[in-house]
Structures are given as C-alpha cells and as structure tokens.
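Here's a model to walk through together. Have the sequence and the 3D view open side by side, and we'll go from one end of the chain to the other.

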Amino acid sequence: MRKAFMTIFSTAALLALASVAFAADTAGAMGAIGTISWATAIGMGLAAAGCGLGQGLGLKAACEGTARNPEAGGKITVTLILGMAFIESLAIYALVVCLILLFAHPFAKIITG
C-alpha cells in the first residue's frame, strides 16, 4: 500500500512540476536562467537530503554492528568510512552538475531558440 501511495504521489508531483517548467517565461535568456537557477537549487537540495539520509542509515548500521560484535569494530569502521566517502562523492557530483548548469548555461540557447 505504501509503495503504491509513493508511486502515485511522486507521479502527481512530477506532473505538477513539469507543467510549471513548461509554462516558464522563455521569451528571453533571463527566463531560462531563472528556471535553471531554481532547478539547480532544488536538485542540490534533493541530492544533499538523499546523501544525508544514506549517511545516517550507514552510521546507524555501523553502530548496531559494532554493538553486536565489538571485535569487528575495526573492519566495520574501515567499511563505514569508505561507504561515507562514496556517498559524499554523489553529493559532490550533484554539486558539479548544478554548478555547470548554473554558470555555463548549456540549455539557455536551446530554450530561448
């Protein structure tokens, strides 16, 4: 039931946001840049939230694993640090993509025609 609700909710949210994006003022480059600015802000926010949740869940699992088996704490810590680095790299990749969209304006010419 929860999976179906989340699917329906996310589909409705995407449809609502798509209409706003297509209705944006694209008469000039400033309209496209404003839309891209909002998209990068929302995208980086979602990426940071997702990475934060992933890191929190990873830390929770590492703490539980160390509590259950204290002798394996060293291996768990190494694996935790490696996993945290991978998760943080996803946030850095999202930041790079957002900065490219924000400052290079690769789609501004396409949107404005």
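**A walk along the chain**

Start with a greasy spot on the outside: Phe5, Met6 and Phe9 together make a nonpolar surface patch of about 350 Å². Keep in mind as you look that this is a predicted model. One of the patch residues, Phe9, sits in helix H1, which covers residues 2-22.

Now jump ahead to helix H3. It runs over residues 73-104, so count 32 residues by the helix definition used here. From its first C-alpha to its last, H3 reaches 45 Å, close to the 46 Å expected at 1.5 Å a residue. Right after H3 comes His105, with a positive phi near 50°.

Which residues of H3 are buried? They are Gly73, Ala91, Ala94 and Cys98. As a general point, an α-helix has 3.6 residues a turn, so residues three or four places apart point the same way.

How does the database record line up with this? The unreviewed UniProt entry lists residues 33-59 and 80-104 under "transmembrane region". In the model, the span 80-104 is 100% helix and 0% strand, and its end C-alpha atoms lie 36 Å apart.

Finally, the cysteines. Cys98 is buried, with a relative accessible area of 12%, while Cys63 is partly exposed at 48%. How many disulfides does the model have? The count comes to zero, going by a cut-off of 2.5 Å between cysteine sulfur atoms.

Definitions and conventions
Residues are numbered from 1 along each chain as its sequence is written. This is a predicted model: local features need pLDDT of at least 70, side-chain atom pairs count only at pLDDT 80 or more; totals for chains, interfaces and linings use all residues. Side-chain values use heavy atoms; hydrogens and water are left out. Helices (H or I, at least four residues) and strands (E, at least two) are DSSP runs, numbered from the N terminus. The expected span of a helix is 1.5 Å times one less than its number of residues. Buried means under 20% relative accessible area, exposed over 50%, partly exposed in between (1.4 Å probe, protein chains only). UniProt positions are given in the numbering used here, feature names are shortened, and annotations may be inferred rather than shown by experiment. Patches are made of residues with over 30% relative accessible area and no salt bridge: like charges are joined within 9 Å, nonpolar side chains (Val, Leu, Ile, Met, Phe, Trp, Tyr) within 5 Å. Accessible areas come from the Shrake-Rupley method with a 1.4 Å probe; for residues, only the protein chains shown count as cover. A salt bridge is a side-chain nitrogen of Lys or Arg within 4 Å of a carboxyl oxygen of Asp or Glu.
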